[in-house]
Number of protein chains: 2
Amino acid sequence: MGTTQLETVPEPKYWHLKTVLSDALDSEFAVGEILPNERDLAARFGVARATLRQALEQLELEGRLQRRRGVGTTVAPPRVGVAVDPVSHTWPGAAGDDWQPVDAIESATVPAAVAGLLATAPGDPVHIVRRSRVTHGRPVAAELLYVLAEAVPGCPPAASLGAPARARAVLQELQTLELEGQDRTVELGSARAEDAKQLDRLPGAPVLVVTTRYVSGGRTTAVAVSTYRADTCRLTFGESDAAALLAS
Amino acid sequence: MGTTQLETVPEPKYWHLKTVLSDALDSEFAVGEILPNERDLAARFGVARATLRQALEQLELEGRLQRRRGVGTTVAPPRVGVAVDPVSHTWPGAAGDDWQPVDAIESATVPAAVAGLLATAPGDPVHIVRRSRVTHGRPVAAELLYVLAEAVPGCPPAASLGAPARARAVLQELQTLELEGQDRTVELGSARAEDAKQLDRLPGAPVLVVTTRYVSGGRTTAVAVSTYRADTCRLTFGESDAAALLAS
DNA sequence: TAGTGGTCTAGACCACACA
DNA sequence: GTGTGGTCTAGACCACTAT
């Protein structure tokens, strides 16, 4: 037959919906504005609520929307750029980083992946420091920092100090070591219940997991696992602070 | 009443399911193995298929599973580490990078975000080169590289060459410029239909979007937007190649 | 053709925020 | 309370892959 190749591609409804909504967000809504509720929106577009939600989920994943139970769906501000290495080649806790120590954890289990990086055997003593990062008044990241106990012999292993004080002690002790190198990986993850609470999100929310390896004395002495909110954050890596500014 | 704080937290079914499945994957399944189909799994756990799917989606997001329509759900291999900056401070297309030019696009629209970085006005001529990155025989990333036309005056603007040839010409011309600086951002996105095809995924699949800005002659002359499969990739940033090896 | 995952529906109930 | 988003169900049909 002489028919040309028609659009035989049945675009899924939620995909088309997402496009429509995305355009509407650009042209008809201001940041912070509240959208109609899901039941109304679904009715307006003539789809089931589940289908509408599939579109909203995509938009939230892309940082365009923010949904809060009991409140509603609002138009999200542009993602905030967070510098991942503001001061190059320094230990965590160095002057000028905008992380805040929260506490230290006793006798928690070290994840297998981290144990591999640290080359520790099960049972080897490791300090675990919890830190939190706040930008523009919003929590953007939660971190667990694993430090080989033998690398910071000045730190009391037992509960001779309160948890927050011990966290600070470990960070201080780190600064005295020579940092020989570091490298990083970034991957997608989902927030554990713990992190989710710290980040003011629901468990399972998408996060960017940054794993940093710190090398000193010829071996990996510390590993930081930092969990950034993927919906609100854009990680910046740059040779200058220009990167962070530019991304905001 | 003297009751202690009981676990009043009703963990969602899909969340619990995810944990159970995750443990099962660790202990009872080998990489590449095919899981029972969704209807059987749902029946086995006594939940609706949609609920089971919610758990599978999370596991796929975390890179534990791979699902293919018409085939089934298989256990995914560990994420592959891909070095984002194998050779520091070089233009794209330099010897040794494992990107392959695909073609060049004529008269396509430059996204607003990219136009902002390049500081171009609408209508300013920009070369767009499409590239593709393959690791271990699998496509891991698709890229659109935007190059200010005025920065590479030796490249023919019109269709005097075939698209692939023009792509190579632009990359070659870039190498002759002095690269004064570069910086990067990483954020979560969802695959556009185009990228999805190149990455062998469905549209909307989660991707890590790496935006690289190249500075030369005092201004941003090129911007690369690289789209990595979030399910299979772990991006590595390091001072040495050790990072890539370590992450694999 | 048979079997898989992907999409979609029309409900229901729950957890949470706010007035 | 009232209204919001979050979870869950039990179906149906579609698009794709392999045989």
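Q: How many residues of chain B are in contact with chain A?
A: This is a predicted model, and contact in it is taken as heavy atoms within 4.5 Å. By that criterion 38 residues of chain A are met from the other side, and the number of residues of chain B in contact with them is 38.

Q: What area is buried between chain B and chain A, and what percentage of it do carbon and sulfur atoms give?
A: The size of an interface is often given as the accessible area lost when the parts come together. Between chain B and chain A this area is about 2900 Å², and the part given by carbon and sulfur atoms is 56%.

Q: Which residue of chain A forms a salt bridge with Glu187(B)?
A: Between chain B and chain A there are 4 salt bridges, alongside 18 residue pairs in polar contact, both residues being at pLDDT 80 or more. In the salt bridge of Glu187(B), the closest N and O atoms are 3.0 Å apart, and the partner is Arg234(A).

Q: Which element of chain B gives the most residues to the side that touches chain A?
A: The elements of chain B that give two or more residues to this side are helix H1 (13-28), helix H3 (49-61), strand S7 (181-190), strand S8 (206-216), strand S10 (233-238) and helix H7 (242-246). By class, this side of chain B has 19 nonpolar, 9 polar and 10 charged residues. The element that gives the most, with 9 residues, is S7(B).

Q: Which residue of S7(B) stands opposite Leu235(A)?
A: Strand S10 of chain A, residues 233-238, pairs with S7(B) in the antiparallel sense over 4 bridges. Opposite Leu235(A), the residue that stands in S7(B) is Val186(B).

Q: What percentage of the atoms of DNA strand C that come within 4 Å of the protein do sugar and phosphate account for?
A: DNA strand C is surrounded by 27 residues, the closest being Lys13(A), Ala48(A), Thr51(A), Asn37(B) and Arg49(B). Of the atoms of DNA strand C within 4 Å of the protein, the part that sugar and phosphate account for is 66%.

Q: How far does a polar side-chain atom of Arg49(B) lie from a base nitrogen of DNA strand C?
A: The side chain of Thr51(A) has an N or O atom 2.4 Å from a phosphate oxygen of DNA strand C, while the side chain of Arg49(A) has an N or O atom 3.5 Å from a base nitrogen of that strand. For the polar side-chain atom of Arg49(B), the distance to a base nitrogen of DNA strand C is 2.8 Å.

Q: Which element gives the most residues to the surface near DNA strand C?
A: By class, this surface has 9 nonpolar, 7 polar and 11 charged residues. The element that gives the most to the surface near DNA strand C, with 4 residues, is H3(A).

Q: Which residue has a backbone N or O atom 2.9 Å from a phosphate oxygen of DNA strand D?
A: Around DNA strand D there are 27 residues, of which Asn37(A), Arg49(A), Lys13(B), Ala48(B) and Thr51(B) come nearest. A polar side-chain atom of Thr73(A) lies 3.1 Å from a phosphate oxygen of this strand. The residue whose backbone N or O atom lies 2.9 Å from a phosphate oxygen of DNA strand D is Glu38(A).

Q: Which element supplies the largest share of the surface near DNA strand D?
A: The residues of this surface divide into 9 nonpolar, 7 polar and 11 charged. The largest share of the surface near DNA strand D, 4 residues, comes from H3(B).

Key. Residues numbered from 1 in each chain as written. Chains lettered and ligands numbered in written order. Predicted model: local features only at pLDDT ≥ 70, side-chain atom pairs only at ≥ 80, totals over all residues. Heavy atoms only, no water. Buried area = accessible area lost by both parts, 1.4 Å probe. Salt bridge = Lys/Arg side-chain N within 4 Å of Asp/Glu carboxyl O. Polar contact = N/O pair within 3.5 Å; in protein donor to acceptor, adjacent residues only side chain to side chain. Nonpolar A, V, L, I, M, F, W, Y, C, P; charged D, E, K, R; others polar. Pairing = 2+ DSSP bridges. Near = heavy atom within 4 Å.
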